[in-house]
Every structure is written in structure tokens, then in C-alpha cells.
Amino acid sequence: MKRVLKFFGWMVGVIVIIVLCFVGFVLLKWDQKYDAPYPELAASSDSTLIARGKYLVYGPAHCAGCHNTAERSLEVDNGKDLLLIGGAEFVFEPGVIRSRNLTPDLETGIGKLTDGEVARVMRNSIGADGRPIFPLMPFQNMSDEDVVAILSYLRSQEPVNHFVKPTEYSFMGKAVLAFGLIKPEGPSGTPPKSIAIEPSEVYGKYLANSVANCVGCHSPRDLMSGEFIGPKFSRGLEFEEAPGANFITPNLTPDPETGIIADWSEDAFVARFRAGRLYEHSPMPWGSFARMTDVDLRAIYRYLMALEPVSNKVEKTQYMLEVNPVN
Ligand code: HEC
Ligand code: HEC
């Protein structure tokens with residue numbers, strides 16, 4: 001009996017030590033910093049570049065919807081060009097991730113960041129303070145010209161003083177950071193200098209993967225680390241947006257049985273995007289995407305229709321109880 005008790009005593013002791021080591025490791029390591037050279041890209045006052053930047057920010061790249069408070073984000077979705085004052089809160093398992101004020105305000109915005117620091121967030125997912133940026137922005141392979149266009153538009157905004165509380169990680173989130181599971185991701189090769197704006201598969205691939213983040217929502221991913229864990233565009237994430245408003249992203253590959261757009265014509269695809277949001281709480285930034293040009297939408301359609309078909313049935317993309325249709 002005594003031996004058994006002694007054994008359990010040891011066991012408990014060992015477990016306590018392991019737990020303490022784990023907690024200590026997480027608390028020491030979660031705040032680790034990363035480094036990468038600053039991209040040599042700088043804002044310009046060229047009006048064509050500023051206009052392209054504005055188009056990307058309010059349209060395909062939908063920075064404006066995310067970099068605003070929830071209420072302002074709805075107004076942006078309804079077509080208003082509100083400045084990017086930040087303040088959206090994304091509540092995930094790893095923590096509360098808050099979007100920053102991207103107006104050139106010196107105190108609360110990007111006024112004190114250099115162009116290189118802002119560009120490095122987009123290219124390498126590393127903040128000015130060296131922290132890994134939570135993987136919501138897939139702009140690593142954006143062309144030099146488009147990054148410059150966006151920088152130029154951001155700098156051209158009126159500065160707005162609007163403080164946003166910093167991102168806060170839960171203990172789980174800190175553990176994920178400590179073990180390097182959320183870590184900065186850089187470009188997969190040398191990003192293009194510029195890209196031809198035409199209704200081609202190449203441009204569609206660029207938009208769907210490096211600008212509009214169709215890939216991020218329409219692919220299976222690990223929700224802790226953001227890692228892709230299945231064929232891209234074959235369906236993806238489940239969203240619990242509001243009580244009774246749950247969504248699963250449909251399969252966008254051209255599988256005749258299970259792909260949602262497999263039997264849509266190119267014109268029907270464009271018309272669907274022009275129609276905008278059908279479900280009130282859908283997380284898809286329909287309002288921003290409705291501002292996309294025909295050229296951009298046709299390019300995306302052609303790219304998606306050329307993907308390898310993957311059979312993956314999604315019964316209903318919107319489900320449960322009474323979701324209020326918008327009209
Ligand atoms: C899906 C929502 C979403 C979209 C789209 C988005 N952002 Fe963000 N952005 C965020 C969030 C959330 C953070 C904070 C991340 C963190 O704290 O790790 C952030 C952080 C940033 C930062 C870091 C600022 C700082 O203070 O360090 C920059 C710069 C930035 N975003 C630029 C952009 C630009 C430019 C675009 C469009 C090309 C864009 N974002 C699109 C959600 C988004
Ligand atoms: C933030 C997540 C998110 C992003 C980014 C996103 N989607 Fe979606 N998408 C969804 C969700 C959720 C649904 C299902 C609810 C709905 O139809 O609004 C959906 C539905 C769709 C549908 C079906 C619409 C219908 O009428 O049935 C198509 C087509 C589509 N997305 C294409 C795209 C394309 C192309 C892109 C990139 C330009 C994209 N999505 C980006 C989340 C997203």
C-alpha cells in the first residue's frame with residue numbers, strides 16, 4: 001500500500017513539474033519576435049496608382065471592410081467609402097484579433113510606420129514590432145505594383161485619430177505562438193513586379209489566391225494555425241456568425257456533382273457578384289466583391305473553372321433556423 005501511494009506521489013509530482021515547465025515555456029516564448037528585410041517599396045502620389053490602390057482596398061482586397069468597426073464595416077458593405085479607422089474584432093480560439101487603424105494618423109494609425117514596415121506586414125506577415133501577424137491577410141505574393149498602389153492610397157487618406165486596443169491572445173493562443181504554429185509566412189517565390197489586368201486564368205489565380213482570399217475561406221484549414229489541410233477551393237470553413245446563422249463555404253471547384261458554380265455560365269457568375277449579399281450574416285464580403293470590375297470577375301471564373309474538380313458535397317451553405325434574407 002505504502003509503495004503504491006509513494007508511486008502516485010511521484011506521478012503527481014512529475015505531472016506538476018511537466019505542467020509548470022509547459023506553462024513556463026509558453027509564457028517565456030509566446031512573445032517571440034521575427035525578422036525579415038523590409039520590402040523596398042514606397043508610396044507614390046501618382047493619381048493612377050492611388051486610384052488602383054483605392055479599387056483594391058474597397059474591392060477585391062476588401063481591406064476597408066475588415067479595417068473598420070463592425071457597424072462601419074456594414075456601411076462599407078453597402079457601398080460607402082469609409083476611411084480605414086480599424087476596430088473590427090475577430091474572436092477565435094487563439095484570441096481576440098483586432099484590425100488596426102490604417103489611416104495616416106501619427107498617434108493611432110500608420111503615420112509612424114514606414115512604407116517598408118506596412119509593406120512587410122503584407123509581404124511577410126511580420127508587424128513593425130516583430131510579432132507574427134495573425135493569418136487573415138493573404139497578400140504575400142501580391143505584385144510590387146499593387147502593394148505600392150495600396151500604400152499610396154493608404155497614405156492619401158485623411159488621418160483619423162481612433163485608438164484600437166491591441167490584439168490579445170488566450171493561453172491556448174499563446175501556446176500556439178510559443179510552439180511556432182502561428183508564424184509569419186513570406187512570399188512563395190519572388191512576387192511579380194506587375195501583373196496584366198485581363199480576363200485570364202493567370203490574373204484570376206492571382207486575385208483568388210493573393211488578393212481576394214477566396215482560397216482562405218473556401219479551402220479546408222486547421223482553425224488553430226490557419227494551415228491548409230485539404231484540396232484548395234474544395235469547400236472549407238464553418239462560420240458561426242450569429243445565433244441561428246451558420247455558414248459553410250461551398251466547393252468552388254468545377255466538379256459536376258458537387259461544385260456550386262460547375263453549371264454556372266460566366267455571365268451568371270458575374271451577375272451573382274453584382275447581386276451582392278443574399279444572407280444578412282454571411283461572412284463573405286459580398287459588398288466589396290460587388291465593386292469588382294467585369295474583367296476581374298471573369299478572370300476569377302476562368303481560373304476556378306480550370307481547377308482540378310474535387311468531389312466534396314456541401315449540403316447547404318447556409319443553415320439552421322431563421323437567417324434573415326436581406327431582401
Ligand atoms: C479579413 C480581414 C482583413 C483584411 C481583408 C485585411 N486586414 Fe489587415 N489586419 C486585420 C487584422 C485582424 C489585423 C491585426 C492582426 C494581428 O494583430 O495579428 C490586421 C493588421 C494589419 C496591419 C498591421 C498594422 C500594425 O499596426 O502593425 C496592416 C499594415 C494591415 N493589416 C494592412 C492591410 C491591408 C493593406 C489590407 C488590404 C490589402 C488588409 N490589411 C486587409 C484584418 C484584415
Ligand atoms: C470571409 C470568407 C469568404 C471569402 C473571403 C470568400 N467567400 Fe465565397 N462564400 C463564403 C460563405 C460563408 C459562403 C456561403 C454563404 C453565402 O452564399 O453568402 C460563400 C458563398 C460563395 C458562393 C456561392 C454563392 C451562391 O449564390 O450560392 C460563391 C460562388 C463564392 N462564395 C465565391 C467566392 C469567390 C470567387 C471568392 C473570392 C473572390 C470568395 N467566395 C471569397 C465565404 C467567403
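These are my notebook entries on two iron sites, the shells around their ligands, one helix and two buried side chains. I worked throughout from a predicted model.

**Entry 1: the iron atom of ligand 1**

I began by asking which protein atoms are the donors of the iron atom of ligand 1. I found them to be NE2 of His-67 and SD of Met-137, which lie 2.0 to 2.2 Å from the iron. I then looked up the angles among the 6 donor atoms of this site, which run from 85 to 180°, and I noted the site as octahedral. For reference I wrote down that the ideal angles for six octahedral donors are 90 or 180 degrees.

I next traced where the pair sits in the chain, and found His-67 in the loop between helix H3 (63-66) and helix H4 (70-77), with Met-137 in the loop between helix H5 (115-124) and helix H6 (144-156). The two residues are 70 residues apart, and the pair thus links distant parts of the chain.

Are the two donor residues buried or exposed? I noted His-67 as buried, because its relative accessible area is 9% and the cut-off for buried is under 20%. Met-137, at 29% relative accessibility, I entered as partly exposed.

**Entry 2: the shell around ligand 1**

I looked up the surroundings of ligand 1 and found 22 residues, the closest being Cys-63, Cys-66, His-67, Met-137 and Thr-167. By class, I recorded 15 of the shell residues as nonpolar, 4 as polar and 3 as charged.

I then went through the polar contacts of ligand 1. The side chain of His-67 places an N or O atom 2.8 Å from a nitrogen atom of the ligand, while an N or O atom in the side chain of Thr-167 lies 2.7 Å from an oxygen atom of ligand 1. With Phe-134 the partner is a polar backbone atom, 3.0 Å from an oxygen atom of ligand 1. Two or more shell residues come from each of H3, strand E2 (95-98) and H5, and I noted that H5 gives the most, with 3 residues.

**Entry 3: the iron atom of ligand 2**

I turned to the iron atom of ligand 2, for which the protein donors are His-218 through NE2 and Met-284 through SD, lying 2.1 Å from the iron. I entered this arrangement as octahedral, because the 6 donor atoms subtend angles of 87 to 179°. His-218 is in the loop between H9 and strand E4 (238-242) and Met-284 is in the loop between H10 and H11, so this pair ties together parts of the chain that are 66 residues apart in sequence.

I checked burial here as well, and recorded His-218 as buried, with a relative accessible area of 8%. Met-284 is also buried, with a relative accessible area of 18%.

**Entry 4: the shell around ligand 2**

How many residues surround ligand 2? I found 24, and the closest are Cys-214, Cys-217, His-218, Arg-272 and Met-284. I divided this shell into 18 nonpolar residues, 5 polar and 1 charged.

Among the polar contacts, I found an N or O atom in the side chain of Arg-272 at 2.6 Å from an oxygen atom of ligand 2, and an N or O atom in the side chain of Trp-286 at 2.8 Å from an oxygen atom of the ligand. The side chain of His-218 has an N or O atom 2.8 Å from a nitrogen atom of ligand 2. I noted that helix H9 (214-217), helix H10 (266-275) and helix H11 (286-289) each supply at least two residues of the shell.

**Entry 5: helix H6**

I looked up the span of H6, which has 13 residues and reaches 18 Å from its first C-alpha to its last, close to the 18 Å expected at 1.5 Å a residue. Because 10 of its 13 residues are buried, I described H6 as largely enclosed by the rest of the structure. The buried residues include Asp-144, Asp-146, Ser-152 and Tyr-153.

**Entry 6: two buried side chains**

Finally I checked Arg-98, which lies in strand E2 and counts as buried at 8% relative accessibility. A polar atom of the Arg-98 side chain lies 2.5 Å from the backbone oxygen of Pro-166.

I also looked up Ser-219 in the loop between H9 and E4, and found it buried at 0% relative accessibility. The Ser-219 side chain reaches the backbone oxygen of Val-215 at 2.8 Å.

Methods:
Residues numbered from 1 in each chain as written. Chains lettered and ligands numbered in written order. Predicted model: local features only at pLDDT ≥ 70, side-chain atom pairs only at ≥ 80, totals over all residues. Heavy atoms only, no water. Donors = N, O, S within 2.8 Å, 3.2 Å for Na, K, Ca; no water. Tetrahedral: all angles 85-135°; square planar, octahedral: opposite > 155°, others 65-115°. Helix = DSSP H or I, 4+ residues; strand = E, 2+ residues; numbered from the N terminus. Buried < 20%, exposed > 50% of the residue type's maximum accessible area, 1.4 Å probe, protein only. Near = heavy atom within 4 Å. Polar contact = N/O pair within 3.5 Å; in protein donor to acceptor, adjacent residues only side chain to side chain. Nonpolar A, V, L, I, M, F, W, Y, C, P; charged D, E, K, R; others polar. Expected span 1.5 Å × (residues − 1).
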